[in-house]
Amino acid sequence: MSYRRHSGSGTNACDSNKLAGAMDELRRARVMLTALERQAHDLLVQFYSVRSAARAQRSKVEELVQQLPIAPIDRLPDELLSRIFELSLLATAEKLGLCHVHRLWKRELAGVSRRWKGIVLHSPSLWTYIKVTPTWGKGLLQAYVRRSAECLVDVVVDQWPRQTADVWSKRGFFALLDVVVPSAYRWRSFAISNDVGMCYVSSALERLDHLRFPSLIKLMVLHRPRGGTIIGEEQLLDPLRHDRFPSLKYLQFEGRFINSPTLRIPPSVVLPSIN
């Protein structure tokens, strides 16, 4: 019996020690929680104080900015600034070329300020040079057609050499050409440069056949075929009827052509050139 009483007292002592240890740990945890809550409260007070100070400082900065003298160029209306950009593009194009100007110079102008960017993006006259070339993706062409709105545009087919005339290249060519064809009614000029292969020249002219070009003033096909390749005049948007080109004034064909009675130069043309 004495053994059992001794064993029970030992168990009670052990339980008492565990309870005391748990209470100590709970007390420490509560002290830590109280400290953290106090710290959180202090940080929250500091946060609101800093945010209020930042708001006041922002208002002060805006007031100081409004007091600064306005630069002369910032006093210009958007329409006049857009015209200045247009003249700048034309002047720069004489040195760097139209393609470089329209791809890079507009980007530099748009990077000056948010206002300038808005003017560049929403000035149709700055997006009237459209180049159908492998280096201009479909998205870029679509952007030019869209941003030029209803302005007259100048379309150039360029950099499609004969040695690249595989199936995939032709598909890419047609995909790009189909982007600009719907705007044919507002083409001011259309040119096929001399570095375009014969297969692309024929394909382009066939795709444009039977369309009407009421605004076209200048038409140039500068293909210079190598070897015995000959372009039939009947392929050159045949026939050049006046009702299809009522505004045409300048006509330039360079290459080897077959004489054809179907070719009729519209009476509006004042400067024909067929070599």
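Arg188 sits partly exposed in this predicted model, with a relative accessible area of 29%. That puts Arg188 between the 20% and 50% cut-offs, so neither "buried" nor "exposed" is the right word for it. What does its side chain do? It meets the side chain of Asp154 in a salt bridge, 2.8 Å from N to O. Now look at where the two partners come from: Asp154 belongs to strand S2 and Arg188 to strand S3, which covers residues 187-192. The bridge therefore ties together parts of the chain that are 34 residues apart in sequence.

Let's stay with charges for a moment. Side chains of opposite charge can pair when their charged atoms come close. A search of the whole structure turns up seven salt bridges, and two others are worth a visit. One of them joins Asp178 to Arg207, with the closest N and O atoms 2.4 Å apart. Here the link runs between helices: Asp178 lies in H6 and Arg207 in H7, so parts 29 residues apart in sequence are tied together. As for accessibility, Asp178 is partly exposed at 38%, and Arg207 is partly exposed too, at 32%.

The other one takes us to helices H2 and H4. Asp78 forms a salt bridge with Arg115, and the closest N and O atoms are 2.8 Å apart. Asp78 is in helix H2 (residues 78-96) and Arg115 in helix H4 (residues 114-121), so this pair bridges a separation of 37 residues in sequence. Asp78 has a relative accessible area of 40%, which makes it partly exposed. Arg115, at 27%, also counts as partly exposed.

On to the rings. The structure holds 12 aromatic pairs. Take Trp160 and Tyr200: their ring centres are 5.3 Å apart, and with 50° between the planes the pair is tilted. This pair links distant parts of the chain, since Trp160 is in the loop between strand S2 (153-157) and helix H6 (167-180), while Tyr200 is in helix H7 (residues 198-208), 40 residues apart. Are these two residues buried or exposed? Both Trp160 and Tyr200 are buried.

Compare that with Phe213 and Phe245. Their rings are stacked, at 5.3 Å centre to centre and 10° between the planes. Phe213 lies in the loop between H7 and strand S4 (218-221), and Phe245 in the loop between strand S5 (231-232) and strand S6 (250-253), so the stack ties together parts 32 residues apart in sequence. Phe213 counts as buried because its relative accessibility is 1%. Phe245 is buried as well, with a relative accessible area of 0%.

Rings also gather in a group: ring pairs link Trp127, Tyr129, Trp136 and Tyr144 into a cluster. Within that cluster, Trp127 brings us back to charged side chains. Lys106 lies over the face of Trp127, at 4.3 Å from the ring centre. Arg147 lies over the face of Trp127 too, at 4.7 Å from the ring centre.

Last stop, the cysteines. How many disulfides does the structure hold? Zero. Among the cysteines you can look up are Cys151, which is partly exposed with a relative accessible area of 26%, and Cys199, which is partly exposed at 24%.

Technical notes:
Residues are numbered from 1 along each chain as its sequence is written. This is a predicted model: local features need pLDDT of at least 70, side-chain atom pairs count only at pLDDT 80 or more; totals for chains, interfaces and linings use all residues. Side-chain values use heavy atoms; hydrogens and water are left out. A disulfide is a pair of cysteine sulfur atoms within 2.5 Å. Buried means under 20% relative accessible area, exposed over 50%, partly exposed in between (1.4 Å probe, protein chains only). Rings of Phe, Tyr and Trp (its six-membered ring) pair if their centres lie within 6.5 Å; planes under 30 degrees apart count as stacked, over 60 as edge-to-face and the rest as tilted. Helices (H or I, at least four residues) and strands (E, at least two) are DSSP runs, numbered from the N terminus. A charge sits over a ring if NZ of Lys or CZ of Arg is within 6 Å of the ring centre and within 35 degrees of the ring normal. A salt bridge is a side-chain nitrogen of Lys or Arg within 4 Å of a carboxyl oxygen of Asp or Glu.
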